[in-house]
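Good morning, and thank you for making time for this presentation. I shall ask you to look at the structure on the screen while I go through several of its contacts.

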There are 2 protein chains.
Amino acid sequence: MDQQPTLEFWFDYASNYSYLSVMRMRKLIAEEGIAVRWRPFLLGPIFKEAGWSNSPFVIQKDKGAYMWQDIVRECEKYGQPWQRPSVFPRNSILAARIGLIGEDQPWMLDFCELAMLDNFSLDRDIGSEQNMTALLDSLGLDAADILRRAVSDDNKQRLRERTAQAQAKGIFGAPTFFVGDEMFWGNDRLADAAARLRRAV
Amino acid sequence: MDQQPTLEFWFDYASNYSYLSVMRMRKLIAEEGIAVRWRPFLLGPIFKEAGWSNSPFVIQKDKGAYMWQDIVRECEKYGQPWQRPSVFPRNSILAARIGLIGEDQPWMLDFCELAMLDNFSLDRDIGSEQNMTALLDSLGLDAADILRRAVSDDNKQRLRERTAQAQAKGIFGAPTFFVGDEMFWGNDRLADAAARLRRAV
């Protein structure tokens, strides 16, 4: 029996190019029949390790200014809504902790889409427990239980380990995809990763 | 009378992603009837201004390691030859100076292709006067005259000004394209820049 082709998808809820890729997943899953191995992590510690105190889009002014133009065009290209967040990058720790709880659950795709839309289309603070509660409620989930598990010491430690794992895999930005051991960096390479997946089946 | 749609193309002969774009230009010119405004410049001073003593692909080890995988796939995608240069980034000052002499000449596209192939397919030193002489000879040009003008004080100053102009335009990497005032960064955005050009006509 063939194993279902699996796309490993590393992303940060604060990353606008991760937003593009998250919103393309539903179609990809439906059309290509792939499984997604969701790997939420935090870019902050990775940037810190590289010597940066913030996102390169904040530190490198010219690159940042360009990115805010590029992301508008990219959202148009993929037919996704866009509103520039009033805070960038937003604190994505709480969303990532919830993502770790959900990554093997059937509600993960819904949660990721809604959290990303909160951040990049509705300009809502994804670091707010209140907002995350409302979001999980809207999915018919037990928000209190999920939040309690999300902020448990065990889960906090899991997120630290996840981010260390990202570093160990050579991840330096997000989104990053793996097909087996092969790395594809950036929303611009998602189609290539999917094509590689088709050849790998 | 309509003006011919013009793509402004900023690139560095040492940049591997610029290599991809240079090699796509001939087809683009033939199929889209566009004019290219060639803008060779130097990334080094731009990186220096950002606080980097070398290419980000050298300084950021993980990003560099990934790039050497990505560029192999990209060359396959575009059907371009590839051999990893034994020196990276190569000194591209001489090639850029020659590019400034040639940028309004009918031999510019040929020169750019051959210089890029020297660097990224034949592993030749594009900083060598001997290699550049052989390359210009192969195009039936007066290599001695071109080299003399390339290394003149006037032309050296022009290259400094060109690179300062890149900085003033907010360029932070290469290749970078402009359609009017709109910037497109990276070989991944060349198709978008060309599409914008079609809409602008």
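Let us begin with A:Pro40, which lies in strand β2 of chain A, residues 35-40. I should say at once that this is a predicted model. Is A:Pro40 buried or exposed? Its relative accessible area is 0%, so A:Pro40 is buried, the limit for that class being under 20%. Leaving aside neighbours within four places in sequence, the residues in contact with A:Pro40 include A:Phe11, A:Tyr13, A:Leu100, A:Glu103, A:Met108 and A:Arg162. The C-alpha atom of A:Pro40 is also 5.8 Å from that of A:Asp12, although these two residues are 28 apart along the chain.

I turn now to salt bridges. Over all chains, the count comes to 40. Three examples within a chain follow.

The first topic is a pair in a helix. A:Asp145 and A:Arg149 form a salt bridge, with their closest N and O atoms 3.2 Å apart. Both belong to helix α8 of chain A, residues 143-150, and because they are four residues apart there, about one helical turn separates them. In general, an α-helix has 3.6 residues a turn, so residues three or four places apart point the same way. A:Asp145 is partly exposed at 23% relative accessible area, and A:Arg149 is likewise partly exposed, at 36%.

The next pair is in chain B. The side chains of B:Arg26 and B:Asp110 meet in a salt bridge at 2.7 Å, N to O. This pair links distant parts of the chain, 84 residues apart: B:Arg26 is in helix α1 and B:Asp110 in helix α6 of chain B. B:Arg26 is partly exposed, with a relative accessible area of 38%, and B:Asp110 is partly exposed at 29%.

The third pair is B:Arg162 and B:Glu103, whose closest N and O atoms are 2.8 Å apart in a salt bridge. B:Arg162 lies in helix α9 of chain B and B:Glu103 in the loop between α5 and α6, so the salt bridge ties together parts that are 59 residues apart in sequence. Both of these residues are buried.

That brings me to the interface. Chain A and chain B each give 21 residues to the contact. The area buried between them is about 2000 Å², and carbon and sulfur atoms give 49% of that area. In chain A, the residues that lose the most area to chain B are A:Tyr66, A:Arg73 and A:Arg189, together 29% of what that side buries.

How many salt bridges does the rule find across this interface? There are ten. One of the pairs is B:Lys77 with A:Asp192, at 2.9 Å from N to O. The rule also finds 14 residue pairs in polar contact across the interface. On the side of chain A that touches chain B, two or more residues come from each of α4, β4 and α10 of chain A. Of these, α4(A) gives the most, with eight residues. By class, that side has six nonpolar, four polar and eleven charged residues.

Finally, the symmetry. A turn of 180° and a shift of 0.0 Å along the axis lay chain A on chain B with an RMSD of 0.0 Å. The two copies are thus related as by a two-fold rotation axis. In chain A, the C-alpha nearest the axis belongs to A:Asp188, at 3.6 Å. The same surface serves both copies, since 100% of the contact residues of chain A recur in chain B.

Note on methods:
Residues are numbered from 1 along each chain as its sequence is written. Chains are lettered from A and ligands numbered from 1 in the order in which they are written. This is a predicted model: local features need pLDDT of at least 70, side-chain atom pairs count only at pLDDT 80 or more; totals for chains, interfaces and linings use all residues. Side-chain values use heavy atoms; hydrogens and water are left out. Contact means heavy atoms within 4.5 Å. Buried area is the accessible area (1.4 Å probe) that two parts lose on being put together, summed over both. A salt bridge is a side-chain nitrogen of Lys or Arg within 4 Å of a carboxyl oxygen of Asp or Glu. A polar contact is a pair of N or O atoms within 3.5 Å; within protein, one must be able to donate a hydrogen and the other to accept it, and residues adjacent in sequence count only if both atoms are side-chain atoms. Ala, Val, Leu, Ile, Met, Phe, Trp, Tyr, Cys and Pro count as nonpolar, Asp, Glu, Lys and Arg as charged, and the others, Gly among them, as polar. Copies are superposed by least squares on the C-alpha atoms of residues with pLDDT of at least 70 in both. Buried means under 20% relative accessible area, exposed over 50%, partly exposed in between (1.4 Å probe, protein chains only).
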